[in-house]
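Student: I would like a close look at one part of this structure rather than a tour of everything. Please go through it step by step, and explain the terms as they come up.

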Amino acid sequence: MAARPYWKGQIRLALVSIPVEIYSATKSGATIAFNQIHEPSGKRIKYEKVVPGIGPVDVDDIVKGFEYAKGEYVLLDEEEIEGVKLESKKTLELTQFVEARDIDEIYFEKPYYVVPADDLAEEAFIVLREALRRSHKVGLGQLAMRGREYVVSVKACGRGLVMETLRYADEVNKAASYFRDIGEGDPDEELLDLATTLIDKKTGKFDATDFHDRYVEALRELIDRKKKGKTLNIESDGEGSAETRGSNVVDLMAALKKSIGGRDGVKAKPAAKKAAAKAPAKKAPAKAPARKRA
């Protein structure tokens with residue numbers, strides 16, 4: 001495996017210890033970074049660390065401070081900060097198991113792939129993986145990595161395991177403070193049926209490759225055009241016009257019906273049988289007389 005492990009250690013389940021390696025399961029997206037440029041000279045702008053009334057200062061004279069009151073700081077040097085960092089223990093002990101659905105998705109933070117460290121660890125690793133899969137449970141524990149302690153979950157994933165760091169309770173804003181003003185009444189049943197039908201119509205299997213960062217792609221196109229000395233004329237496509245934006249009143253029923261019916265609106269209903277019976281039947285075209293053979 002070409003990638004370097006993010007962490008090496010062992011997963012402990014009671015008296016069973018399984019040597020494992022952990023790798024980051026994600027990577028940074030294709031972001032575009034900009035620098036600030038002094039346009040008249042074309043040179044990059046640099047920043048200096050300065051103190052008001054003193055001017056530029058030496059980097060060695062800078063320490064970290066915590067503001068406990070307005071303008072009042074507790075000063076800490078790097079040695080003092082390093083002294084309270086948690087030692088990176090090489091053991092992840094699974095102390096609790098819960099149903100996967102019991103953990104709200106908002107608590108999940110960052111995923112890592114977990115693999116056995118060697119061939120000797122593989123048998124115990126597979127046993128743990130299949131036990132988690134069969135029980136539909138995830139294991140929970142705490143792990144110190146790079147000076148910080150994390151709550152983590154471990155679950156089966158394909159032929160391996162996925163470990164995910166979880167946010168602590170005080171890192172998650174309570175939803176009630178944001179949702180309290182939303183009504184509790186039940187929606188109109190017909191509207192609900194239409195919305196459900198629309199969801200069913202657009203239901204499919206998730207494929208991450210179906211989605212692209214259109215903003216980054218557009219920025220790259222703009223940069224390429226600028227490099228070639230071209231200009232990019234961005235025109236409105238007509239959607240979201242002032243007339244549309246000027247009103248928040250939407251005919252929800254009509255909008256849902258149009259969405260289900262496609263671009264041309266709701267599919268036309270079949271004509272009534274009575275109307276079909278009254279319509280005159282079309283006469284079959286008369287056959288041309290057969291030509292006589294010579």
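Tutor: Strands β13 and β14 pair in the antiparallel sense, over 7 bridges. Strands are DSSP runs of E with at least two residues, helices are runs of H or I with at least four, and both are numbered from the N terminus. Two strands count as paired if DSSP finds at least two bridges between them. In general, strands of a sheet pair through backbone hydrogen bonds, either parallel or antiparallel.

Before going on, a note on what you are looking at. This is a predicted model, in which local features need pLDDT of at least 70 and side-chain atom pairs count only at pLDDT 80 or more, while totals for chains, interfaces and linings use all residues. Residues are numbered from 1 along each chain as its sequence is written, and side-chain values use heavy atoms, with hydrogens and water left out.

Now follow the pair. In this hairpin, 2 residues lie between β13 and β14, and G158 takes a positive phi near 60°. Across the pair, V152 stands opposite T165 in β14. V152 is also the bridge partner, in β13, of G141. That leads to the next strand along: β12 (residues 137-145) and β13 (residues 148-157) run antiparallel and are joined by 7 bridges. On its other side, β14 pairs with β11 (residues 108-116), again in the antiparallel sense, over 6 bridges. There, Y113 stands opposite V162 in β14.

These strands belong to an open sheet of 8, in the order β9-β1-β2-β11-β14-β13-β12-β10, with mixed pairing. Its edge strands are β9 (91-93) and β10 (96-99), each of which pairs on one side only. Neighbouring strands of the sheet are turned by 40° against each other on average, direction ignored. Such an angle is taken between axes, which are lines fitted to C-alpha atoms (for helices, over the stretch in contact), and angles run from 0 to 180 degrees between N-to-C directions.

Come back to β14 and ask how it is covered. All 7 of its 7 residues are buried, so β14 is largely enclosed by the rest of the structure. Buried means under 20% relative accessible area, exposed means over 50%, and partly exposed is in between, with a 1.4 Å probe and protein chains only. For the whole protein chain of 294 residues, 16% count as buried.

In a regular strand the side chains alternate between the two faces of the sheet. In β14, one way is taken by G160, V162, E164 and L166, and the other way by L161, M163 and T165; all of them are buried.

Take one residue from β14. T165 lies in this strand, which covers residues 160-166, and counts as buried because its relative accessibility is 1%. Beyond its neighbours within four places in sequence, T165 is in contact with Y107, F108, E109, K110, Y112, M145, Y150, V151 and V152. Contact here means heavy atoms within 4.5 Å.

Then take one from the partner strand. S153 has its place in β13, and S153 is buried as well, because its relative accessible area is 1%. With neighbours within four places in sequence left aside, the contacts of S153 include G139 and L140, as well as V162, M163, E164 and L166. F108 is also among the contacts of S153, and F108 is one of the contacts of T165.

A last point concerns the loops that lead into strands of this sheet. Most residues other than glycine have a negative phi. H136 is not a glycine, yet has a positive phi of about 55°. This residue is found in the loop between α2 (119-135) and β12, and H136 counts as exposed because its relative accessible area is 58%. A14 is another residue other than glycine with a positive phi, near 60°. A14 has its place in the loop between β1 (7-13) and β2 (16-24), and counts as exposed because its relative accessibility is 59%.

To put the part back into the whole: the protein chain has 8 helices and 14 strands. Among its contacts between residues at least 6 apart in sequence, 62% join residues at least 24 apart.
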